[in-house]
Amino acid sequence: MKDKLVITSSPQFHNGDSTLTVMWSVSLALIPALVWGVAMFGLSSLWIVLVSIVSATFAEFILNKIYNKSSLWDGSAFLTGLLIGLNMPPQMPGLAWIYVPLGASFFAIFIVKGAFGGLGNNWMNPALGGRVFVFFSWTKHMTVWEVPMLDGVTGATPLGAVKSGLLGYSGSANNPLSLLNEVRDNSISYFDLFLGKIGGSIGEVSALLLLVGAIYLIIKKIIRWEIFASYLLTFTVFIWIFDGTRFGNGLFTGDILFHLLSGGLILGVFFMATDMVTSPISAKGMIIYGIGCGFLTFLFRVYGANPEGVSLAIIVMNIIVPIINRYSKPRLFGHNKKELENE
């Protein structure tokens, strides 16, 4: 009987959503961003996403056979493959468009998810784990970005162009956008960033359509405000305070809008940091976790070697989640604080 008891934080009630409902709802919310990515970068990007989804589903099928489970249709493997595909560059040379997303999906399902007992037991977001694995395995393929609507033409993402443009820079640009328009042949505006007419991963370029999907998930109460609100607030505060110093403007002059609309921030904040399995269980813990994600993203993006920082920041906080849960769990009724700390 003792083995059948499951201890979780209160309140213990079911909101009616099943794993299947959650997974397919998140996948549905990502479809507009996928359609936009294919429209901007062409059919090559669609093949990369399909390879990611099929290989993740196939890996889940093998795990089902090994562990005699039936999780193939709960949507978790499909969502993992979809997220991996959306985090891929839209074009890769040779056969890389097959083996890179396949390697990411196999690592995500077999190592990050399957090796720790399957869905609900993984300590890291599987899609992020797969992305980081192939990023360090095939860095060259993962850092070549196609220019939207210009087949075969590649260029840096806005974040990458700013990072490299600042090296040895002696011009008069006083913010990231003016620097971009100074070092690039074609000009770019905030509206281009918001709409998604920029280089980047297949599913991260359109902040507008990602926000549409995020609003859908918020309305369905699939994602909690504590994580994305604290994540975005922390990130914007630190960007506002410190990012302007890179352009010689001093403190409290950072370009918040540019950083919110660039890179994979919106995709990471709403669709990966909020993963139920790898985020804290209490509201207090979620806020701490969101603050950590926001601060680390700022730190990695502004002062790190990589211009992005979202994936690594979320993974680091995924690792810390057990500690956050331990010190932020709700107080049990009838127990005092010292008793709980001595447990």
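Helix 7, residues 158–165, supplies three residues to the lining of the largest cavity, the largest share from any one element. The model is a predicted one, and this cavity is a convenient place to enter it. The structure holds one cavity of 30 Å³ or more, and the space inside the largest cavity comes to about 40 Å³. Its lining is formed by L159, V162, K163, R246, H259, R301 and P307. By class, these lining residues divide into three nonpolar, one polar and three charged.

Helix 7 also takes part in a second feature, the second largest pocket, where it is among the elements that each supply at least two lining residues. The others are helix 5 (126–137), helix 6 (139–142), helix 13 (265–271) and helix 15 (310–328). Helix 5 gives the largest share of this lining, four residues. The pocket contains about 510 Å³ of space, and of the 30 residues that line it, those closest to its centre are R131, F135, N306, E308 and G309. The lining is made up of 14 nonpolar, 13 polar and three charged residues.

From these spaces the account turns to the surface. A nonpolar surface patch of about 650 Å² is made by W240, F242, L251, F252, F295, L299 and Y303. Two elements give two or more residues to this patch, namely helix 11 (225–242) and helix 14 (283–303). The largest share, three residues, comes from helix 14. F242, one of the patch residues, is placed in helix 11.

Charged contacts form the next topic. The count of salt bridges comes to four. One salt bridge joins E60 and K113, whose closest N and O atoms are 3.1 Å apart. Because E60 lies in helix 2 (residues 43–67) and K113 in helix 4 (residues 96–113), the pair ties together parts that are 53 residues apart in sequence.

The annotation in the UniProt record can be set beside the model. In an unreviewed entry, UniProt lists residues 20–39, 45–63, 94–116, 198–218, 225–244, 256–274, 286–304 and 310–328 under "transmembrane region". Two of these listed spans illustrate how the annotation relates to the predicted coordinates. Residues 20–39 are 100% helix and 0% strand, and the end C-alpha atoms of this span lie 29 Å apart. For residues 94–116, the end C-alpha atoms lie 34 Å apart, with 78% of the span in helix and 0% in strand.

Taken together, the features can be revisited by element. Helix 7 contributes to the lining of the largest cavity and to that of the second largest pocket. Helix 11 and helix 14 contribute to the nonpolar patch, while helix 2 and helix 4 are tied together by the pair E60 and K113.

Technical notes. Residues numbered from 1 in each chain as written. Predicted model: local features only at pLDDT ≥ 70, side-chain atom pairs only at ≥ 80, totals over all residues. Heavy atoms only, no water. 1 Å grid on protein atoms, 1.4 Å probe; cavity = no way out; pocket = protein on both sides within 12 Å on 5 of 7 lines; lining within 4 Å. Points joined across faces, edges and corners; volume = space filled by probe spheres on them. Nonpolar A, V, L, I, M, F, W, Y, C, P; charged D, E, K, R; others polar. UniProt positions renumbered as here; feature names shortened; annotations may be inferred. Patch = residues over 30% accessible without salt bridge, like charges linked within 9 Å, V, L, I, M, F, W, Y side chains within 5 Å. Areas by Shrake-Rupley, 256 points an atom, 1.4 Å probe, with all protein chains shown as cover. Salt bridge = Lys/Arg side-chain N within 4 Å of Asp/Glu carboxyl O.
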